[in-house]
Amino acid sequence: MGMYDDVSYVKDLEKRFGDQNVLVNSILASVKSALKLDDLAKYKQRIQKMVADETIEDADMANQLLAAVAAREKELRK
């Protein structure tokens with residue numbers, strides 16, 4: 001885990017796939033499979049940084065990712 005902590009990894013994904021949907025789907029898969037709240041906190045911070053850095057330009061995609069983090073957090077807290 002922690003792949004999205006590395007800006008160069010994310011940039012490499014963008015170069016290889018060129019489609020933000022692929023990037024978002026990859027992050028969503030990681031969020032949905034997270035087993036620890038600490039991991040989700042890291043994903044949330046990383047997503048927010050990606051929005052600030054304009055790696056994710058679409059606000060709807062960013063909101064979708066953050067909603068997935070919140071939903072998974074709720075599941076893990078049960």
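Is arginine 77 buried or exposed? Arginine 77 is exposed, with a relative accessible area of 56%. The legends below describe close-up views of a predicted model.

**View 1. Glutamate 73 and arginine 77 form a salt bridge.** The closest N and O atoms of the pair are 2.8 Å apart. Both residues belong to helix H4, where they are 4 residues apart and so separated by about one helical turn. Glutamate 73 counts as partly exposed, at 29% relative accessibility. Its partner, arginine 77, has a relative accessible area of 56%, and because exposed means over 50%, arginine 77 falls in that class.

**View 2. Glutamate 75 and arginine 72 form a salt bridge within helix H4.** Between glutamate 75 and arginine 72, the closest N and O atoms lie 2.8 Å apart. Helix H4 covers residues 59–77, and the two partners are 3 residues apart in it, about one turn of the helix. Arginine 72 has 14% relative accessibility; buried means under 20%, so arginine 72 counts as buried. Glutamate 75, at 46% relative accessibility, is partly exposed.

**View 3. Lysine 49 and aspartate 53 are joined by a salt bridge.** Their side chains meet at 3.0 Å, N to O. Lysine 49 is partly exposed, with a relative accessible area of 41%. Aspartate 53 is also partly exposed, and its relative accessible area is 36%. The structure holds 3 salt bridges.

**View 4. Helix H2 packs against helix H3.** Helix H2 spans residues 20–33 and helix H3 spans residues 37–52. Their axes are 10 Å apart and make an angle of about 160°. Angles over 145 degrees count as roughly antiparallel, and H2 and H3 are therefore roughly antiparallel to each other. The crossing of H2 past H3 is left-handed.

**View 5. Side by side, residues of H2 and H3 make the contact between these helices.** H2 contributes Leu23, Ile27, Ser30 and Val31. On the H3 side, the residues they meet are Leu40, Tyr43, Ile47 and Met50. The residues of this contact divide into 7 nonpolar, 1 polar and no charged.

Conventions
Residues are numbered from 1 along each chain as its sequence is written. This is a predicted model: local features need pLDDT of at least 70, side-chain atom pairs count only at pLDDT 80 or more; totals for chains, interfaces and linings use all residues. Side-chain values use heavy atoms; hydrogens and water are left out. A salt bridge is a side-chain nitrogen of Lys or Arg within 4 Å of a carboxyl oxygen of Asp or Glu. Buried means under 20% relative accessible area, exposed over 50%, partly exposed in between (1.4 Å probe, protein chains only). Helices (H or I, at least four residues) and strands (E, at least two) are DSSP runs, numbered from the N terminus. Axes are lines fitted to C-alpha atoms, for helices over the stretch in contact, and angles run from 0 to 180 degrees between N-to-C directions. Angles under 35 degrees count as roughly parallel, over 145 as roughly antiparallel, 65 to 115 as roughly perpendicular and the rest as oblique. A crossing is left-handed if the near helix is turned anticlockwise from the far one by less than a right angle, and right-handed if clockwise. Contact means heavy atoms within 4.5 Å. Ala, Val, Leu, Ile, Met, Phe, Trp, Tyr, Cys and Pro count as nonpolar, Asp, Glu, Lys and Arg as charged, and the others, Gly among them, as polar.
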